[in-house]
Amino acid sequence: MPMTPPAVAACRLSSFSDDLALATGALLSAVWPRPDRGPVERAEQLKRLGRQYDGPDSTAPIAYVVRQDDRVVAHALTFLREIEADGRTWPVMALAMVASDPACRGRGYGAAVVEAALGRVVAGAFPASLFQTSFAVEPFYERLGAVRAANRIINSKSEEPDRCPFWDDVVLRYPADADWPEGVIDLRGKGY
């Protein structure tokens with residue numbers, strides 16, 4: 001029997017409710033446990049990103065979530081990131097904090113939130129997306145139309161500017177046929 005696609009809610013971080021932020025923080029903390037970032041800290045991180053944004057509505061930070069009752073079981077975050085490459089500024093959609101509840105994996109929830117998030121690129125809000133992942137998860141994103149970004153990536157605002165600011169193994173871009181710079185990409189800030 002085919003599975004019914006999950007309902008994905010797109011939530012602007014500027015209007016993220018405390019309950020939704022905390023439920024999302026609980027998922028993120030369960031997937032990436034850290035002693036200094038529990039559900040409350042992760043919820044505040046999301047809300048702060050929403051409060052700090054002052055750009056156009058079309059590129060405002062949005063969280064995509066799948067909920068089951070009062071729990072968030074899948075999440076993807078998108079926000080504007082301006083990179084520097086080939087002597088100009090390139091706006092890209094950052095895709096970050098993609099997570100699904102381990103107890104719910106295999107049900108299409110992760111794919112649903114990522115496809116909804118990448119829909120911002122398809123709709124023209126962003127010309128492309130840039131994000132990181134692991135070798136193990138790379139095929140998941142490739143099935144959705146992402147390809148490796150072959151560029152060397154730096155952060156000119158770091159004490160170690162030539163060190164890649166992303167910590168995962170693979171940097172991907174979406175879509176494969178997007179206009180894309182050839183040279184070094186300056187992320188001009190921390191990885192996400």
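How much surface does the protein expose, and what share of it do carbon and sulfur atoms supply? The protein exposes about 10,000 Å². Carbon and sulfur atoms supply 51% of that area. The model is predicted, and every value here is computed from it.

Start with the overall layout. The protein has four helices and nine strands. Along the sequence they follow the pattern β-α-α-β-β-β-α-β-α-β-β-β-β. The radius of gyration is 16 Å, close to the 16 Å that the globule rule gives for 192 residues, so the protein is as compact as a globular protein of that length. Taken along the principal axes, the C-alpha atoms fill a box of roughly 50 × 40 × 30 Å. Buried residues make up 47% of the 192 residues. Contacts across the sequence are plentiful in one respect that can be counted: among contacts with a separation of 6 or more, 70% link residues 24 or more positions apart.

Now go inside. In soluble globular proteins, nonpolar side chains tend to be buried together. Here the largest nonpolar core has 34 residues. F16, I83, L130, W180 and Y192 have the most contacts inside this core. Several elements each supply at least two of its residues: α1 (18-31), α2 (39-52), β2 (62-68), β3 (71-85) and β4 (88-100). The largest share, six residues, comes from β4. Apart from this core lies another, of 23 residues. Y109, V114, L118 and Y174 are among the residues of that other core.

I83 deserves a look of its own. Leaving out residues up to four places away in sequence, I83 touches R88, T89, W90, V92, L130, W180, I185, D186 and L187. Two of these partners, L130 and W180, appear with I83 in the list of residues with the most contacts inside the largest core.

Helix α3 comes next. The helix covers residues 109-122. At 1.5 Å a residue, its 14 residues should span 20 Å, and the end C-alpha atoms are 20 Å apart, which agrees. Its buried residues are Y109, G110, A112, V113, V114, A117, L118, R120 and V121. What do these buried residues pack against? They pack against β2, β3, β4, β5 (129-133), α4 (138-143) and β8. Just after α3, G124 takes a positive phi of about 95°.

Strand β5 holds T133. Is T133 buried or exposed? T133 counts as buried because its relative accessible area is 6%, and the cut-off for buried is under 20%. Beyond residues up to four places away in sequence, T133 touches E138, Y141, D168, D169, V170 and L172.

Turn to the loops. S14 is found in the loop between β1 (9-12) and α1. S14 counts as exposed because its relative accessibility is 59%. The C-alpha atoms of S14 and R51 are separated by 5.6 Å. Along the chain, these two residues are 37 residues apart.

The backbone has some details to check. D69 lies in the loop between β2 and β3. Phi of D69 is near 55°, a positive value in a residue other than glycine. D69 is also exposed, with a relative accessible area of 76%. M97 is not a glycine either, yet has a positive phi of about 50°. The place of M97 is in strand β4. A cis peptide bond joins Y174 and P175, with omega about -5°. P175 sits in the loop between β8 (170-174) and β9 (185-186). Y174, on the other side of that bond, is one of the residues of the 23-residue core.

Finally, consider the cysteines. A disulfide is a covalent bond between the sulfur atoms of two cysteines. How many disulfides does a search of the whole structure find? The search finds zero. Why does C11 form no such bond? The closest cysteine sulfur to that of C11 is in C104, 17 Å away, which is too far for a bond. C11 counts as buried, at 15% relative accessibility. C164, at 33%, counts as partly exposed.

Note on methods:
Residues are numbered from 1 along each chain as its sequence is written. This is a predicted model: local features need pLDDT of at least 70, side-chain atom pairs count only at pLDDT 80 or more; totals for chains, interfaces and linings use all residues. Side-chain values use heavy atoms; hydrogens and water are left out. A nonpolar core is a set of buried Ala, Val, Leu, Ile, Met, Phe, Trp, Tyr and Cys residues joined through side-chain atoms within 4.5 Å. Buried means under 20% relative accessible area, exposed over 50%, partly exposed in between (1.4 Å probe, protein chains only). Contact means heavy atoms within 4.5 Å. A disulfide is a pair of cysteine sulfur atoms within 2.5 Å. The radius of gyration is taken over C-alpha atoms; the globule rule is 2.2 Å times the number of residues to the power 0.38. Accessible areas come from the Shrake-Rupley method with a 1.4 Å probe; for residues, only the protein chains shown count as cover. The expected span of a helix is 1.5 Å times one less than its number of residues.
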